[in-house]
Amino acid sequence: MSDKVKTENNAVINVIEDLDPTVQRKEYNDLFRKWRKQKNNSCGFKFETNTRERIYNDSRGFENKSLKDAERSALRHIMRRIGYAMLIYIVIEKIIGTSIIALLDLIGFDIHTNLFSPSVYGGSAEIVAVILSISCISLIAPSIYLHKKMKMPLRVEFMSTVNDSLEILSSIGMALVVCTIVCLPSAYSSDTKDIYNYFKTIDADVSVWGQGEFVVYIIFEVLIFAVLTEVLLRGAIFGALRQFGDRFAIIMTSIVAALLMGDLYEIPAEVLISIVASVGMLRSGTIVSAFFVRIIYKLYQFTLVILQGENSPEMVLHRNFFMIAVFITGVVLTASIQLSKGRKDKKVLADYSSEVRASNRFAYALRMSPFTAVAGVCFIQALVRIAF
């Protein structure tokens with residue numbers, strides 16, 4: 001998307017009507033324009049003026065409409081809502097979740113915690129049920145909040161029209177490559193490796209879980225949480241940020257994903273997976289690509305932990321064979337699709353140019369309140385996790 005559309009006399013500027021039509025289908029573009037034009041939509045970036053006309057105000061004299069001010073106004077409202085959505089996620093995950101556990105303990109359920117430690121203990125079934133419920137709510141609640149506040153139709157919020165089904169396969173292949181790369185440090189580290197490492201982010205004693213609890217949690221972690229995470233990141237957040245260019249949306253959603261991860265060691269992996277998910281969604285035209293990318297990443301991590309937990313001399317051989325095979329499969333799958341006829345020059349990202357420099361736009365977005373404060377909280381949490 002470029003920042004201006006001009007008539008033959010080179011005088012009219014209209015940011016909405018200049019939506020780049022070459023990347024997504026007409027149906028989606030029309031709905032996207034309609035959403036941006038809504039008068040009560042403060043998150044819609046809209047600006048129209050005729051450079052040959054000047055508006056006179058009795059109290060202020062001649063007024064000059066500013067494209068820069070319009071861009072910043074929309075971006076300010078979007079980042080404010082993203083900040084509140086992140087805050088909702090943290091409050092539910094860290095505060096409300098602990099309060100719910102304390103309340104259940106008070107009324108007689110076999111699940112317990114205390115104010116001085118986030119660890120949860122008690123009955124295995126109760127722990128799994130509560131942890132999964134809180135995790136689901138912490139992802140669903142901010143998604144609902146963003147949907148309501150940004151007033152975005154579902155067909156705009158979630159890309160759902162398949163432009164190219166082969167691009168879904170291509171994103172899967174790229175995910176396999178990236179998963180292998182980002183998992184190399186953990187695979188070859190000297191840390192103790194067993195099945196319980198996969199659940200290290202859960203503040204609970206998983207050693208007392210039975211097979212049923214493990215199966216249920218894995219299903220939620222690999223499938224349900226993966227889908228809900230992409231709904232949050234690649235839904236209203238990505239859709240609103242696309243008004244300032246696909247590259248801007250990809251980078252900003254990757255930053256949000258890394259912050260919500262709350263683990264400094266996982267930031268590189270989260271950023272790369274987020275980028276692959278975003279590009280795959282844009283190329284294929286459907287959020288399903290992002291779902292597959294996230295699911296593959298979760299499944300890859302789980303499979304690697306299982307292999308490294310083998311108590312046999314062949315463990316290293318099995319692990320290395322798995323990683324090499326997955327990497328080669330990913331490279332072959334992606335290359336065979338992207339190098340096929342007619343794809344080399346295929347446009348991937350919608351164009352956008354502005355009188356505001358990209359670096360200034362990022363700086364402006366990242367210092368918006370409450371986004372900055374919430375980002376600081378996320379960073380502190382990540383430091384605390386390393387320390388303890």
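User: Angles under 35 degrees count as roughly parallel, over 145 as roughly antiparallel, 65 to 115 as roughly perpendicular and the rest as oblique. How are α6 and α8 of this predicted model oriented to each other?

Analyst: The axes of α6 (residues 211–241) and α8 (residues 267–284) cross at roughly 60° and come within 11 Å. That angle falls in none of the named ranges, so it belongs to the rest. The two helices, α6 and α8, are therefore oblique.

User: Which residues of α8 make the contact with α6?

Analyst: On the α6 side, the contact is made by E230, R234 and F238. The residues of this contact divide into 4 nonpolar, 2 polar and 2 charged. From α8 come S274, A277, S278, M281 and L282.

User: Is α2 roughly parallel or roughly antiparallel to α3?

Analyst: The axes of α2 (residues 67–106) and α3 (residues 124–150) come within 9 Å, crossing at roughly 150°. Angles over 145 degrees count as roughly antiparallel, so α2 is to α3 roughly antiparallel.

User: How many residues of the contact of α2 with α3 are nonpolar?

Analyst: Residues of α2 including I78, Y84, I88 and I92 meet residues of α3, among them V130, I134, L139 and Y145. The charged residues of this contact come to 3, the polar ones also to 3, and the nonpolar ones to 18.

User: What share of the protein's residues is buried?

Analyst: The protein has 12 helices and 6 strands. Its accessible surface comes to about 19400 Å², with 62% belonging to carbon and sulfur atoms. Of its 388 residues, the share that counts as buried is 48%.

Terms used:
Residues numbered from 1 in each chain as written. Predicted model: local features only at pLDDT ≥ 70, side-chain atom pairs only at ≥ 80, totals over all residues. Heavy atoms only, no water. Axes fitted to C-alpha atoms, helices over the stretch in contact; angles between N-to-C directions. Helix = DSSP H or I, 4+ residues; strand = E, 2+ residues; numbered from the N terminus. Contact = heavy atoms within 4.5 Å. Nonpolar A, V, L, I, M, F, W, Y, C, P; charged D, E, K, R; others polar. Buried < 20%, exposed > 50% of the residue type's maximum accessible area, 1.4 Å probe, protein only. Areas by Shrake-Rupley, 256 points an atom, 1.4 Å probe, with all protein chains shown as cover.
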